[in-house]
Amino acid sequence: MMELDKLKVLLSSPQKISITMHDRPDGDAIGSSLALYHYLIQGGHEVSVIAPTAYPIFLQFLPANNLVTLHSDANLEATTTILNNSTIIFILDFSALRRNAFGTQIGEAKAKKVMIDHHLDPEDFADFSLWDTKASSTGELIYRLIDMLGDKHLLNQDIATCLYTAICSDTGRFKYNTNPNVLRITADLLEQNIDLDVINSFLFDNYSFNRLLLMGYAISERLIWIEEYNTAIIYLAISDFRRFNCESGDTEGLVNFALNILGVKFAALVKEAPDMIKISFRSKGDFSVKDLANKHFNGGGHKNASGGSSRLGLHPTLDKIKSLLPKYADELQQPYITALVKEKK
Ligand SMILES: [Mn+2]
C-alpha cells in the first residue's frame, strides 16, 4: 500500500491518468470524477475520464462533460488504449471491480491504482486508497484528498460545481449523511461562486411532463395507506407505465412521497415488470427494511432503504406485503415521532 507522500511524489511530475467510476454513474460518481479531472489538469497531467455506461442527461451540464469517454460497444478499443497508456488509474465511488463494466481490465492494468470510495466491503486491488464508509460521498473524499495534498488553493469554480453536485446528490440535498464537516466543505465550495440555481435546476427540476403525470397518478390512484401499521404502499402496473409513456426509471424518488405521510414508518413501491415484480422499501427509525427484504423478497440493502423482488404477480405481491404487517406489529403500530406531535394538537 502506497503512502500519501508517495502519491504526492508521483503526482509531482506529469502523469497519464485515467479516472473511472461505477456503472450507471450517478451525481456523486460523475461529479467526483470530473472534479478530480479539473484538479489534476492543473498539475499538467494528461487526464481521461471514462464512464463505464451511460448516465442521465441531467448530469451532462457539468464542466468538461464533453470530454468524458463513454465505454460502449462501439468504443471498447478506446477504453483499452486509454487504460494501457495510463500510469495512474483513479477508481471513484466503487471499490469492487465488478461494479464497473471494464473492471477486469482495470484489475489487470499495469498502472498504479488509486481507489477513493465510501461503499462497504472494498476489494484489495489498490496501491493507494482513500476509503471511508462514514463519508457522505466520494465528492467529500475528493475534497479531503485535495486538502491532504496541500492543494486547497487550487479549488476553482469547475471543481466546486462538480463537488457540490456530488455531495448534494449523495446526501439527498443535505437530508442524510450530513454533518458539520459536510456543511463546512459545502461552504468552501460556495465560496467559489458556483451557480446554485442552475445546478439545482439540472439536478432536481428535470421531470418530463409525462413523468410528473405518472407521479401524480401513482399518488392519487395507486397509494394504499394502512394506518394501523403506519404503512404506505404505492404500486404501478405495466399498463400504468404505458398510459403515461414512462419507463421504470421514471419512478426514481416516488417511494419517498409515501414517506412524507406524518407518522409513516414503512413505505414500499411495488412495480410490475415483464418478468417479475420489483420492490423498493423505505423505513423510518429502527424498523429494518433490510431484514424484511432479505427474509421475504430475495433482496437486501440498508436498514432504512432496501429492495427486493417477487415472482408472484402484482396483486399477490401486495397481499404478501400486507399479510406480513401483523408479524411486525410491535415495531409498526406506534407511529413515528408522533408522541411529540400529539402533545401539540
Ligand atoms: Mn457515492
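**Two sheets and a manganese site**

Helix α2 (residues 27-40) lies across strands β1, β2 (46-51) and β4, and its direction makes about 165 degrees with that of β1. Helices (H or I, at least four residues) and strands (E, at least two) are DSSP runs, numbered from the N terminus. Contact between such elements or between residues means heavy atoms within 4.5 Å. Axes are lines fitted to C-alpha atoms, for helices over the stretch in contact, and angles run from 0 to 180 degrees between N-to-C directions. The model is predicted: local features need pLDDT of at least 70 and side-chain atom pairs count only at pLDDT 80 or more, whereas totals for chains, interfaces and linings use all residues. Residues are numbered from 1 along each chain as its sequence is written, and side-chain values use heavy atoms, with hydrogens and water left out.

The strands crossed by α2 belong to an open sheet of six strands in the order β3-β2-β1-β4-β5-β6, with parallel pairing. Two strands are taken to pair if DSSP finds at least two bridges between them. The edges of this sheet are β3 (69-70) and β6 (128-131), each of which pairs on one side only. Strand β1 (residues 16-21) is joined to strand β4 (residues 88-92) by five bridges in the parallel sense, and threonine 20 stands opposite isoleucine 91 in β4. Five bridges also join β1 to β2, again running parallel, with valine 47 in β2 as the bridge partner of isoleucine 17. From β1 the chain passes through α2 to β2 in a right-handed β-α-β crossover; right-handed here means that, with the strands pointing away from the viewer, the path from the first strand over the helix to the second runs clockwise.

Towards one edge, β2 pairs with β3 in the parallel sense over two bridges, and isoleucine 50 stands opposite threonine 69 in β3. Towards the other edge, β5 and β6 are paired in parallel over four bridges, with valine 114 opposite phenylalanine 128 in β6. In a regular strand the side chains alternate between the two faces of the sheet. In β6, Phe128 and Leu130 lie on a covered face, while Ser129 and Trp131 lie on an uncovered one.

A manganese ion has as its protein donors Asp28 (OD), Asp93 (OD), His118 (NE2) and Asp170 (OD), at 2.1 to 2.3 Å. Donors are N, O and S atoms within 2.8 Å of the metal (3.2 Å for Na, K and Ca); water is not among the atoms, so sites may look incomplete. Along the chain the donors follow the spacing D-x64-D-x24-H-x51-D. Aspartate 28 lies in helix α2 and histidine 118 in the loop between β5 (112-117) and β6, so this pair ties together parts that are 90 residues apart in sequence. Both aspartate 28 and histidine 118 are buried, a term that denotes under 20% relative accessible area (exposed is over 50%, partly exposed in between; 1.4 Å probe, protein chains only).

A further open sheet also has six strands, in the order β7-β8-β9-β10-β12-β11, and its pairing is mixed. Its edge strands are β7 (223-226) and β11 (300-301), each pairing on one side only. Helix α9 (residues 209-221) packs on this sheet, touching β7 and β8, and its direction makes about 130 degrees with that of β8. Four bridges pair β7 with strand β8 (residues 231-236) in the antiparallel sense. In β8, isoleucine 234 is the bridge partner of leucine 223, and alanine 232 that of tryptophan 225. The two strands β7 and β8 form a hairpin with four residues between them, and asparagine 230 in the turn has a positive phi of about 50 degrees.

Residues of this hairpin are also touched by alanine 258, which lies in helix α11 (residues 254-258). Not counting residues up to four places away in sequence, alanine 258 touches Leu223, Ala232, Ile234, Val264 and Ala267. Alanine 258 and isoleucine 234 are 24 residues apart in sequence, with a C-alpha to C-alpha separation of 7.3 Å. The relative accessibility of alanine 258 is 1%, so this residue counts as buried.

The structure holds zero disulfides, a disulfide being a pair of cysteine sulfur atoms within 2.5 Å. For cysteine 168, the nearest cysteine sulfur, that of cysteine 162, is 13 Å away. Cysteine 168 is buried at 1% relative accessibility, and cysteine 246 is likewise buried, with a relative accessible area of 11%.
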